[in-house]
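Visitor: I should like to learn how to read a model of this kind, feature by feature. Where should we begin?

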Amino acid sequence: MADTAVHDAVAEHDDHGHATSTGLSNNKLAMWLFLGSECLLFGGLISTYMLYRGRHTANLGPDQVWDIPFTSASSFVLLMSSLTMVLAVTAAKRKDDRNTNLWLTVTAILGSLFVAGQVYEFTSFYREGLGYTTSLFSSSFYTLTGFHGVHVSIGVIMLLATVGMILKNRIPGDKAEVVELVGLYWHFVDIVWILIFTLVYLIPA
Amino acid sequence: MSTETAHATEHDEANHDHWSDLSYVRLALALALITAIEVAISYKVDELGAVFLPLLLGLMLVKFFSVVLFFMHLKFDNRLFSLMFYLGLGLAVAVYAAMLFTFRFFGS
C-alpha cells in the first residue's frame, strides 16, 4: 500500500511534464521559497529605515526632500508594469509568442522608466545635500530604495533575456513556466514597492 | 493522492480561465485608483487625525494582497506555494516587529 502511494507520488507529473515527488513544478516551488526569503531581506531594510527615519539634520529630513507627485508617477509606472507582466504570462499560456514578447518588452520599458526615475530622484536628493553618509536617515533610505532599484534592474535584465531566448527559441522545456517564473519575481518587486511607497514616502516622519 | 492532485490541477485551471485579460486590466485600474486615494490622503494628515494611519495601512494591504493573490495567482495555485511565501512573510513581520518594539522600549 505504502509502495503504491510512493509510486503514485513519484509517477505524478506536474503541468510541465517533469516527474516530481510533490506533483508540482520544482522550479516554481524554488521561486516561491526564494521570494519568501526575500521578505526577510526587505523586512530588515524597511524596519531599519523605520528605526532611523527621524535621525537626520534639521533641514534634510524626509518631509523636506520628498517629491510626492514624482514618486507617485513612478509608483503608477511600476504598478502598470505588473499588469503588462500578467498579460505576458497569459499570452505565454496561450502559446502566443508574439504577444508574450510584446508585453515582456513593454514591461521591461516600464521597469527601465522606473529605474530612470529613481536615478533622477537620487541625483536631485544628492544635489540638495543628502549624501549616503549625511545621516542615519539618508544611509537607511538609500540602502533600502537602492536595493529595490537593483532588484528592478535585475528584473529588467531577466525580462530582456527571456525575450531574446523566446525569439531564438532557446528556452528548454515549458516556455509558459519560464515566463511565469520571471513574472513572479517581477510582481514581487512591485509588492515591495507598494510597501516602500506607503511606509517610506506617504507616512510623515 | 494523485487523484486529489489531478482534481486540484483541474480546479486551478478552471479558476485561471475565469480571469480574462480584461479582468486583469480592471484590477490594475482599481489598484491605480487606490494609489491615487493614498496620495490624496497623505495630504490630509491633520484633517484625518487618528484615522490617517490605519486608513493608509489598510489601503496598502489591499494593494499588496491583490497583487499577491491575483497577479501572482496565489489564490488559485497550490497551497504549498502559499505556505512557502507566507512563512517567509510571517517570519519577517514577526522578527522585525519584535525588533522595532525592542528598540522602542529599550533604545536610548
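Guide: Let us begin with burial along one helix. H7 of chain A is mostly covered, with 22 of its 28 residues buried. Please keep in mind that this is a predicted model.

Visitor: How does one check the length of helix H7 of chain A, residues 175-202?

Guide: The check compares an expected span with the one in the model. At 1.5 Å a residue, the 28 residues of this helix should span 40 Å, and the end C-alpha atoms are 39 Å apart, so the two agree.

Visitor: At which residue does H7(A) bend, and by how much?

Guide: The bend is at A:Ile196 and amounts to about 25 degrees.

Visitor: To which nonpolar core does H7(A) give the largest share?

Guide: The largest nonpolar core has 63 residues, and those with the most contacts inside it are A:Val86, A:Leu87, A:Ala88, A:Val192 and A:Trp193. Both chains take part: H2 (26-52), H4 (68-93), H5 (97-127), H6 (136-167) and H7 of chain A, along with H2, H4 and H5 of chain B, each supply at least two residues. H7(A) provides the largest share of this core, 16 residues.

Visitor: What is the overall make-up of each chain?

Guide: Chain A has 7 helices and 0 strands, whereas chain B has 5 helices and 0 strands. The C-alpha trace of chain A spans about 70 × 45 × 25 Å along its principal axes. As for burial, 40% of the 205 residues of chain A count as buried; for the 108 residues of chain B the figure is 20%.

Visitor: How far apart in sequence are the residues that contacts join in chain A?

Guide: Of the contacts in chain A between residues at least 6 apart in sequence, 76% join residues at least 24 apart.

Visitor: How many residues does each chain bring to the contact between chains A and B?

Guide: Chain B brings 40 residues and chain A brings 43. On the side of chain B that touches chain A, the elements giving two or more residues are H1 (2-18), H2 (21-42), H4 (52-71) and H5 (79-106) of chain B. H5(B) gives the most to that side, with 15 residues. By class, this side of chain B has 30 nonpolar, 7 polar and 3 charged residues.

Visitor: What should one look for in the backbone angles?

Guide: Most residues other than glycine have a negative phi. Two residues of chain A deserve attention here. A:Lys95, in the loop between H4 and H5 of chain A, has a positive phi of about 60 degrees although it is not a glycine. A:Asn169, in the loop between H6 and H7 of chain A, likewise has a positive phi, of about 55 degrees, without being a glycine.

Visitor: Why do A:Lys95 and A:Asn169 count as exposed or buried?

Guide: The decision rests on neighbour counts, and a residue is exposed if 12 or fewer other C-beta atoms lie within 10 Å of its own. A:Lys95 counts as exposed because it has 9 C-beta neighbours inside 10 Å. A:Asn169 has 8 such neighbours and therefore also counts as exposed.

Visitor: Where in chain A does pLDDT stay under 50?

Guide: Where pLDDT is low, the predicted coordinates should not be read in detail. In chain A this concerns residues 1-15, over which pLDDT stays under 50 and for which the model has 19 contacts beyond four places in sequence. Chain A as a whole averages a pLDDT of 89, and 91% of the residues score at least 70.

Key:
Residues numbered from 1 in each chain as written. Chains lettered and ligands numbered in written order. Predicted model: local features only at pLDDT ≥ 70, side-chain atom pairs only at ≥ 80, totals over all residues. Contact = placed C-beta atoms within 7 Å. Helix = DSSP H or I, 4+ residues; strand = E, 2+ residues; numbered from the N terminus. Nonpolar A, V, L, I, M, F, W, Y, C, P; charged D, E, K, R; others polar. pLDDT = per-residue confidence, 0-100. Expected span 1.5 Å × (residues − 1). Bend = angle between axes of the 7 residues up to and from the residue. Core = buried A, V, L, I, M, F, W, Y, C linked by C-beta atoms within 7 Å.
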